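Biologist: I have the sequence and the 3D view open, and I'd like to go through the terms with you. Could you tell me what stands behind each one?

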Amino acid sequence: AHYKKADVGNAIAEAIRSGLVKREELFITSKASNHGHVVEACKNSLKKLQLDYLDLYLVHYPLATKHSGVGTTASLLDENKVLDIDVTVSLETTWHDMEKTVSLGLVRSIGLSNYELFLTRDCLSYAKIKPQVSQFETHPYFQRESLVRFCKKHGVTPMAHTPLGGATANVKSFGSISPLEDPVLLGLAKKYKKSVAQIALRWNIERDTPVIPKSSKVERLKENLEVLNFKLEKEDIELINTIDKKSRTTL
């Protein structure tokens with residue numbers, strides 16, 4: 001919902017107004033894409049979402065790009081049609097601006113997104129408020145065990161985005177290989193009478209890594225929730241650990 005915050009805000013407001021949910025029952029996350037204007041961007045997101053605070057606010061990428069303005073997610077392109085990198089804004093400056101969103105009461109917790117191990121380590125060295133979460137791509141074909149372990153060791157919760165490896169969409173768009181076609185996962189899906197996607201999601205959950213799969217289909221959303229209803233046997237987790245291909249599907 002990076003580009004549909006106003007629509008999401010309307011839906012949240014209606015759900016709360018109708019009594020369907022209470023605000024404290026929701027955990028709402030957004031991301032800071034504009035490194036040079038973190039506080040202003042956060043306030044703009046809250047306005048669009050019709051909220052007083054965010055539960056979690058993440059630095060979207062460990063890279064400052066020149067932006068088209070507060071309230072947009074679009075980065076400017078240079079004369080060669082590639083991202084125009086802003087060399088005047090450091091990641092340390094960005095993080096301290098993230099900390100300001102906490103001190104101002106705009107955000108409950110802050111974290112990282114798409115940070116590699118050494119950048120995560122650097123953030124921990126200068127952070128006054130430690131990141132609570134580090135969100136990055138990880139799935140059976142891109143397991144990143146060293147990053148997962150590092151985060152856990154230092155009290156940062158690893159969170160898996162793209163936990164299905166992008167599935168069919170990334171195969172078509174980028175020519176990547178999909179773990180959902182792996183014979184090991186197919187065999188385990190048959191054994192547990194679950195979908196291959198459920199096996200892949202459950203594997204991450206078993207290593208204490210929350211997953212955020214994306215889907216707009218109601219039946220898939222229901223299927224994703226059902227991963228909480230079973231557990232993988234230890235030997236099957238170890239079997240999945242052997243199929244890592246170190247294959248990234250996103251930036």
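Modeller: Gladly, and burial is a good place to start: buried means under 20% relative accessible area, exposed means over 50%, and partly exposed lies in between, with a 1.4 Å probe and protein chains only. This is a predicted model, in which local features need pLDDT of at least 70 and side-chain atom pairs count only at pLDDT 80 or more, while totals for chains, interfaces and linings use all residues. Residues are numbered from 1 along each chain as its sequence is written, and side-chain values use heavy atoms, leaving out hydrogens and water.

Biologist: Why is L46 called buried?

Modeller: L46 has 6% relative accessibility, which is under 20%, so L46 counts as buried. L46 is found in helix α2; helices are DSSP runs of H or I with at least four residues, strands are runs of E with at least two, and both are numbered from the N terminus. Contact here means heavy atoms within 4.5 Å, and L46 touches L51, D52, Y53, L54 and L106, not counting residues up to four places away in sequence. L46 and L106 are 60 residues apart in sequence, yet their C-alpha atoms are 8.2 Å apart.

Biologist: Is K31 buried or exposed, and how do you know?

Modeller: The relative accessible area of K31 is 16%, under the 20% limit, so K31 is buried. K31 lies in strand β1, residues 29-32. The C-alpha atoms of K31 and S45 are separated by 9.0 Å, with their positions 14 residues apart along the chain.

Biologist: And for the chain, what share of residues counts as buried?

Modeller: Of the 251 residues, 44% count as buried. The chain has 10 helices and 5 strands.

Biologist: What makes a group of residues a nonpolar core?

Modeller: The members must be buried Ala, Val, Leu, Ile, Met, Phe, Trp, Tyr or Cys residues, joined through side-chain atoms within 4.5 Å. The largest such core has 23 residues, and those with the most contacts inside it are C42, L51, L54, Y57, W95, M98 and V107. At least two residues each come from α2 (38-49), β2 (54-59), α3 (91-103), β3 (107-113) and α4 (117-126), and α2 gives the most, with 6 residues. V107 touches C42, L54, L56, Y57, T101 and V102, not counting residues up to four places away in sequence. A second, separate core of 20 residues includes L185, A197, I199 and V211. As a general rule, nonpolar side chains in soluble globular proteins tend to be buried together.

Biologist: Why are α2 and α3 called oblique?

Modeller: Axes are lines fitted to C-alpha atoms, for helices over the stretch in contact, and angles run from 0 to 180 degrees between N-to-C directions. Angles under 35 degrees count as roughly parallel, over 145 as roughly antiparallel, 65 to 115 as roughly perpendicular and the rest as oblique. α2 and α3 pack at about 45°, with their axes 8 Å apart, and are therefore oblique to each other. In this packing, V38, V39 and C42 in α2 meet T94, D97, M98, K100 and T101 in α3.

Biologist: What makes α8 and α10 roughly perpendicular?

Modeller: The axes of α8 and helix α10 (residues 234-241) cross at roughly 105° and come within 11 Å. That angle falls in the 65 to 115 range, so α8 is roughly perpendicular to α10. I199, W203 and E206 in α8 meet I237, I240 and N241 in α10.

Biologist: How do you know how α4 lies relative to α5?

Modeller: α4 and α5 pack at about 15°, with their axes 10 Å apart. An angle under 35 degrees makes α4 roughly parallel to α5. L117, T120, R121 and L124 in α4 meet S146, L147 and F150 in α5.

Biologist: What is notable about the phi of K193?

Modeller: Most residues other than glycine have a negative phi. Phi of K193 is near 60°, a positive value in a residue other than glycine. K193 sits in the loop between α7 (183-192) and α8 (196-206), and with 73% relative accessibility, over the 50% limit, K193 counts as exposed. R144 also has a positive phi, about 50°, although it is not a glycine. R144 is in the loop between β4 (133-137) and α5 (145-153), and R144 is buried, because its relative accessible area is 12%.
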